[in-house]
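Q: Please guide me through the structure shown below, one feature at a time. Where should a reader begin?

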Amino acid sequence: MLSIKNLNVGIAEKQILKDFNLEIKPGEIHAIMGPNGTGKSTLASTLAGKEDYEVLTGEVSFNGKNLLEMSADERAREGVFLAFQYPVEIPGVSTTNFMKAAVNAKRKHQGLEPMDAKDFLKLMKEKLALVEMNKEFTSRSINEGFSGGEKKRNEIFQMAMLEPTLCLLDETDSGLDIDALRIVANGVNQLKNKDRSFLIITHYQRLLNYIVPDYVHVMYGGKIVKSGGKELALKLEEQGYDWIKEENSELV
Amino acid sequence: MSFAENISKQFAEVSNTNVVELRKNAFTAFEKLGIPSSRHEEWKYTNIKTKLNEQLSLTPADSQVNTTVKNYIASLPPYAFRIIFLNGIFHPELSIVPDTKGLTICSLKEAFSSHTSLVERYFGKLINYNEEHFAALNTAFVNDGAFIHVQKNVAINEPIYIQYFFTASDVNAFTQTRSLAIVEEGASIQIAEDFRNASNINVQYNHVSEVFVGKNASIDIVKLQLEVSNSIGIHTLESQVERDGKFSASTITFSSPNTGTGNALIRNNATARLIGENAHADLNGLYFGKENAHIDNHILVDHVAPNCTSNQLYKGVLNDESTGVFNGKIFVRQDAQKTNAFQSSKALLLSNDASINSKPQLEIFADDVKCSHGAAVGQLDENALFYQRARGITKEEATQILTYAFAHEVIDHVHSKPIRQFLCDKLKDELKVNF
């Protein structure tokens, strides 16, 4: 479903991703770990289509289509979802109205009529339950005055609403207390299915206690330097990243 | 005929027998002032002199009801009170004024003869005609207008909708329109004034609203300048607020594309004078500029008495080559201790050719006051745009949604629910936001 080949990406004249390669098949959960500044968030932003990031060379195909040729909104309508590390506050726009616009944008893309109000409310209610949020959240301005945990739950709620096929979670676990972490992880686990793939970016192994990955990759110096199963995450938790840095000192 | 000769000839022809002394004084003052040029500090960014036609015709033009007028009236929500003017002339057959205890609504012409003592006490009393060019001209020449009086402790909960249509067929017509609202102690009303070009030519008009807010009384006034195109409109809103009184004014301007070589030029002068303790004024505005539209808001809040509060919130969205002017002044007199006065002006420039001149002014002569002002000019937040696009919303729609959110704050302050709803729908329509 997602195939990244020799991807080189820079921002403001500085190259961040260097010959990055990754294959994700339908239904797989991949975790990407690694120390700060190795390009994890750059990868997520690039895949989501943030224009500040310049793709120098390389290919990304998503369900057989050239992802890099699509605008950010087209990618989302095609089924890519980025759960933001820092969800943006938008005063004056309620989450309900935002989701209505987003759901209907996707439906239009699929050649469907806008969802009727009753069905939309029913869908919202069902998806809110996944992340243990109450209806009152959705009438408030997007993320405005939300706690860190509420913002991240709102991301997973939106993900559930839009039913993407590729979910990019950019440090969704950072700043979460243990209860919020459990809720977010539960939400993700309920969204898992054979067609939906996840790319989970995290610093810590703790989220992976709840969401069990099929593959764990370690990023360093703008590329994946080690891949393994979930046991790799445990090793990193125990030993830190120093051994990775030593093995790959030539990359920096 | 020179400008001065033309004006003075026309004044000699004005056959009003009412408030003659005041009109004469106003006329003499206008003769001295003339039409301001851009050398005048208050008209620096709005070169009105070059925009108005040379040979102004100040006598009321014919006022035939055309289909534009009919269709617009038919499209209005069913307001309980509706007063309709064409070229400044009252049309009772189009108006709806149900008898209501404690409320008088009539034409200014009728008030001149049947409410003489109120007219003498209030008409023109807030106009500084030695300095205000257009208010002086209006006071001298105005022929008719809306008169509203609310008796002590009477609360009118339905909005009073005043519609000023301009249908003149003479391009030189400079139509003078006017509203006078007097709300006695403890009474309250909501007023909407709607201005609309219903002709197929360029129109010019000069409107004055005088508003008296009694002790513990309240007035919420909304000025609607919607679909402004092929128009030059000059508006003066003068208000005076007594002890514990509340005044709120929202001026909403949407420009529309012009046909041919038209101008869309709007100048709003809005003044609130707080003359009794604990009085409060809100002066808010929202403006959308398109093409070559020019929208100028000049605001003055005059804190005369102590312990008063005021807020100014102005927001603008400028597209194409449109220009905006914001000039907001807070004046705190020596006796006005414990004043709380705030001002905020924000403008979004959505095109490289749009511009705004923003000038906040504070003049404070008391020592125990809280005043603040902020003026911001900018573009939409890129992060907020990307966040929406990452959810599948197109860049265009995301821009509209953010602009809607930006503008909606001003409409939120409109007290009257039906007017607020009307404006909310108008805003959604304008921005093609459909949620």
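A: One may begin with a single residue: with a relative accessible area of 11%, A:S45 is buried. Buried stands for under 20% relative accessible area, exposed for over 50% and partly exposed for what lies in between, with a 1.4 Å probe and protein chains only. The model is predicted, so local features need pLDDT of at least 70 and side-chain atom pairs count only at pLDDT 80 or more, while totals for chains, interfaces and linings use all residues. Residues are numbered from 1 along each chain as its sequence is written, chains are lettered from A and ligands numbered from 1 in the order in which they are written, and side-chain values use heavy atoms, without hydrogens and water.

Q: In which element is A:S45 found, and which residues does A:S45 touch?

A: A:S45 belongs to helix α1 of chain A, residues 40–48. Helices (H or I, at least four residues) and strands (E, at least two) are DSSP runs numbered from the N terminus. Leaving aside residues up to four places away in sequence, A:S45 touches A:K50 and A:Y53, where contact means heavy atoms within 4.5 Å.

Q: How is the open sheet of chain A ordered?

A: Strands of a sheet pair through backbone hydrogen bonds, either parallel or antiparallel. In chain A, 4 strands form an open sheet in the order β2-β1-β4-β5, with antiparallel pairing; two strands count as paired if DSSP finds at least two bridges between them. The edges are held by β2 (14–24) and β5 (65–66) of chain A, each with a single partner strand, so one side of each has no neighbour in the sheet. Strand β1 (residues 2–11) of chain A is joined to β2(A) by 7 antiparallel bridges, and A:I4 stands opposite A:L22 in β2(A).

Q: How many helices and strands are there in chain B?

A: Chain B has 10 helices and 19 strands. Its radius of gyration is 21 Å, close to the 22 Å that the globule rule gives for 435 residues, so chain B is as compact as a globular protein of that length. The radius is taken over C-alpha atoms, and the rule is 2.2 Å times the number of residues to the power 0.38. The C-alpha trace of chain B spans about 70 × 55 × 45 Å along its principal axes. Of the 435 residues of chain B, 59% count as buried. Among contacts in chain B between residues at least 6 apart in sequence, 83% join residues at least 24 apart.

Q: Which strands of chain B stand at the edges of its open sheet of 10 strands?

A: The order of this sheet in chain B is β2-β1-β5-β7-β9-β11-β13-β15-β17-β19, with mixed pairing. The edge strands are β2 (89–90) and β19 (370–378) of chain B, each pairing on one side only. Strand β17 (residues 340–349) of chain B runs parallel to β19(B), joined by 9 bridges, and B:Q343 stands opposite B:H373 in β19(B).

Q: Is strand β10 of chain B largely enclosed or open?

A: In strand β10 (residues 231–241) of chain B, 10 of the 11 residues are buried, so the strand is largely enclosed by the rest of the structure. Strand β8 (residues 203–213) of chain B runs parallel to β10(B), with 11 bridges between them; B:Q204 has B:I232 in β10(B) as its bridge partner. β10(B) also pairs in the parallel sense with strand β12 (residues 264–274) of chain B over 11 bridges, and there B:H235 has B:N268 in β12(B) as its bridge partner.

Q: What covers the buried residues of α7(B)?

A: The cover includes α1 (3–13), α2 (20–33), α3 (48–51), β6 (174–183), β8 and β10 of chain B. Helix α7 (residues 133–141) of chain B is mostly covered, with 9 of its 9 residues buried; among them are B:H133, B:L137 and B:F141.

Q: Where does B:C308 lie?

A: B:C308 is in the loop between β14 (294–303) and β15 (309–318) of chain B. At 0% relative accessibility, B:C308 counts as buried. Residues up to four places away in sequence aside, B:C308 touches several others, including B:L274, B:H303 and B:N340. B:C308 and B:S344 are 36 residues apart in sequence and 18 Å apart in space, C-alpha to C-alpha.

Q: Which strand holds B:Q312?

A: B:Q312 is placed in strand β15 of chain B and, at 2% relative accessibility, counts as buried. Beyond residues up to four places away in sequence, the residues that B:Q312 touches include B:L283, B:V301, B:F326 and B:S344.
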